[in-house]
Amino acid sequence: MKSTSRFPVRYAETDQMGVVHHAAYVPWLEQGRVDWLAELGVSYAELERSGVFFPVVGLELAYRRALRFGDAVVVETRLTEIASRRLVFAYRVFREGDAAPAASGRSVHVPQDADGRVRRLPEGLAAKLQAAAERET
């Protein structure tokens, strides 16, 4: 399953030359994950209230083209790996209308409880995530 998030580059996300600062991409990927879960019918806020957290334990980003203030950003998000104690999401970031990505990356998450202990994914959630990871939209 692929989710698509869209938003404009904000001025605060750019450097003095008007180019998006590398650190701005991390919240964009997070928004992609939240939107991906929402499209699946899973509220991340509800997950946290129920004691399921997905902290980032690994992050990779490759920057290919500059984005600038005022560009419309598109973030494509996919869940590419799922195990009982590990999730991996892959991302491609585009300037809206461009065929080539401006950046690509992946994030690794380990399910934890509210006390920060590693936990297994709840069965129902694991099945839902697995089914979504296996299909393309």
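**Exercise 1. Count the salt bridges of this predicted model, and place the pairs that involve strands E3, E4 and E5.**

Step 1. With a salt bridge taken as a side-chain nitrogen of Lys or Arg within 4 Å of a carboxyl oxygen of Asp or Glu, the count comes to 12 salt bridges. The structure is a predicted model, in which local features need pLDDT of at least 70 and side-chain atom pairs count only at pLDDT 80 or more, whereas totals for chains, interfaces and linings use all residues. Residues are numbered from 1 along each chain as its sequence is written, and side-chain values use heavy atoms, with hydrogens and water left out.

Step 2. Asp 71 and Arg 95 meet through their side chains in a salt bridge of 2.9 Å, N to O. This pair links distant parts of the chain, since Asp 71 lies in the loop between E2 and E3 and Arg 95 in strand E4, 24 residues apart; helices (H or I, at least four residues) and strands (E, at least two) are here DSSP runs, numbered from the N terminus. Asp 71 counts as buried at 16% relative accessibility, while Arg 95, at 24%, counts as partly exposed, where buried means under 20% relative accessible area, exposed over 50%, and partly exposed in between (1.4 Å probe, protein chains only).

Step 3. A salt bridge of 2.9 Å, N to O, also joins the side chains of Glu 76 and Arg 92. Glu 76 belongs to strand E3 and Arg 92 to strand E4, so this pair ties together parts that are 16 residues apart in sequence. Glu 76 is buried, with a relative accessible area of 12%, and Arg 92 is partly exposed at 35%.

Step 4. In the salt bridge between Glu 81 and Arg 106, the closest N and O atoms are 3.7 Å apart. Glu 81 is in strand E3 and Arg 106 in strand E5, 25 residues apart, and the pair thus links distant parts of the chain. Glu 81, at 35% relative accessibility, is partly exposed, and Arg 106, at 25%, is partly exposed. Through shared partners, salt bridges join Glu 60, Glu 81, Arg 86 and Arg 106 into one network.

**Exercise 2. Derive the strand order of the sheet and describe the helices that pack on it.**

Step 1. The 5 strands form an open sheet in the order E1-E3-E4-E5-E2, with antiparallel pairing, two strands being paired if DSSP finds at least two bridges between them. Strand E1 (2-8) and strand E2 (56-63) each have a single partner strand and stand at the edges, so one side of each is left without a neighbour in the sheet. Neighbouring strands are turned by 20° against each other on average, direction ignored; axes are lines fitted to C-alpha atoms, for helices over the stretch in contact, and angles run from 0 to 180 degrees between N-to-C directions.

Step 2. Strand E3 (residues 72-83) and strand E4 (residues 86-95) run antiparallel and are joined by 10 bridges, and a hairpin connects E3 to E4 through 2 residues. Ile 82 has Leu 87 in E4 as its bridge partner, and Val 73 stands opposite Arg 95 in E4. E1 and E3 pair in the antiparallel sense over 7 bridges, with Glu 76 in E3 as the bridge partner of Thr 4.

Step 3. Helix H3 (residues 123-133) lies across E3 and E4, running at about 120° to E3. Leu 125, Leu 129 and Ala 132 are buried in H3. Seen down the axis of H3, the buried residues fall within an arc of 60° (taken over the directions from the helix axis to the C-beta atoms), so they line one face of the helix. Glu 123 and Gly 124, on the other side of H3, are exposed. What covers the buried residues includes H1, helix H2 (44-49), E3 and E4, contact meaning heavy atoms within 4.5 Å.

**Exercise 3. Count the aromatic pairs and classify the pair of Tyr 11 and Phe 69.**

Step 1. Rings of Phe, Tyr and Trp (its six-membered ring) pair if their centres lie within 6.5 Å, with planes under 30 degrees apart counted as stacked, over 60 as edge-to-face and the rest as tilted; the count comes to 6 aromatic pairs.

Step 2. The ring centres of Tyr 11 and Phe 69 are 5.3 Å apart and their planes stand at 90°, so the pair is edge-to-face. Tyr 11 is in the loop between E1 and H1 and Phe 69 in the loop between E2 and E3, so the pair ties together parts that are 58 residues apart in sequence.
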